[in-house]
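Hi everyone, thanks for coming. Let me put the sequence and the structure up on the screen, and then we can walk through them together.

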Amino acid sequence: MRFLQRIWNILNGRWYFVYASGHGSGFIRDDGPKRKKMAIQEACHWENIADTIGGRACVKNMFTRNIVPHY
């Protein structure tokens, strides 16, 4: 079942993960893969909320591992 869900996500363009960090700690991956637009929105939302604690976020492509700019 999990394999089929992964295939479904790939076929629907959900290739991006959001990584978040607070207090300067290492980046931790958020729950599941997302489409590019939604991943960028979540990364921006996280940075706006976590701005007071020095939080950062990044969006990575699951195939190329390239970081997508979201500013």
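When I say helix or strand, I mean a DSSP run: H or I over at least four residues for a helix, E over at least two for a strand, each numbered from the N terminus. Counted that way, this protein has 2 helices and 4 strands. Start at the N terminus and the elements come in the order α-β-β-α-β-β.

A word on where this comes from. This is a predicted model, in which local features need pLDDT of at least 70 and side-chain atom pairs count only at pLDDT 80 or more, while totals for chains, interfaces and linings use all residues. Residues are numbered from 1 along each chain as its sequence is written, and side-chain values use heavy atoms, with hydrogens and water left out.

For overall dimensions, the C-alpha trace spans about 40 × 20 × 20 Å along its principal axes. I will call a residue buried under 20% relative accessible area, exposed over 50%, and partly exposed in between, using a 1.4 Å probe and protein chains only. By that measure, 30% of the 71 residues are buried.

Now to the strands. Two strands pair if DSSP finds at least two bridges between them. Please look at E1, residues 16-21. How many of its 6 residues are buried? The count is 6 of 6. On one side sit Tyr16, Val18 and Ala20, on the other Phe17, Tyr19 and Ser21, and both of these faces are covered.

And what does E1 pair with? One partner is E3, residues 56-61, which runs antiparallel to E1 over 6 bridges. You can trace that pairing through Tyr16, which stands opposite Asn61, and through Ser21, which stands opposite Arg56. Another partner is E2, residues 28-29, joined to E1 by 2 bridges, again antiparallel. There, Tyr19 has Arg29 as its bridge partner.

E3 also pairs with E4, residues 67-68, through 2 antiparallel bridges. Val59 in E3 is matched with Val68 in E4. The hairpin that these two strands make has 5 residues between them, and Arg65 takes a positive phi near 60 degrees there.

On to charges. Side chains of opposite charge can pair when their charged atoms come close. My rule for a salt bridge is a side-chain nitrogen of Lys or Arg within 4 Å of a carboxyl oxygen of Asp or Glu. That rule gives 3 salt bridges. Asp31, Lys34 and Glu42 form a linked network. Within it, Lys34 meets Asp31 at 3.4 Å, N to O, and Glu42 reaches Lys34 with the closest N and O atoms 3.7 Å apart. Lys34 is buried at 10% relative accessibility, whereas Asp31 is exposed at 61% and Glu42 is partly exposed at 26%.

Arg56, which we met opposite Ser21, forms a salt bridge with Glu47, again with the closest N and O atoms 3.7 Å apart. Arg56 is partly exposed at 38%, and Glu47 is buried at 15%.

What about disulfides, meaning pairs of cysteine sulfur atoms within 2.5 Å? A search of the whole structure finds 0. Why is Cys44 not bonded to Cys58? The sulfur of Cys58 is the closest cysteine sulfur to that of Cys44, but it is 12 Å away, so it is too far for a bond. As for their surroundings, Cys44 is partly exposed at 27%, and Cys58 is buried at 8%.

Last stop, the pocket. Rolling a probe the size of a water molecule over the atoms shows where empty space is left. Here a pocket is an open set of points on a 1 Å grid over the protein atoms alone, where a 1.4 Å probe fits, with protein on both sides within 12 Å along at least five of seven lines; its lining residues have an atom within 4 Å of a point. Grid points are joined across faces, edges and corners, and the volume is the space filled by probe spheres set on the points. The largest pocket holds about 310 Å³.

Which element gives the largest share of the lining? That is helix H1, residues 2-11, with 5 residues. The lining includes Arg2 and Gln5, along with Phe17, Arg29 and Asp31. So Phe17 of the covered strand E1 and Asp31 of the salt-bridge network both turn up here. Thanks for listening!

Definitions and conventions. A disulfide is a pair of cysteine sulfur atoms within 2.5 Å.
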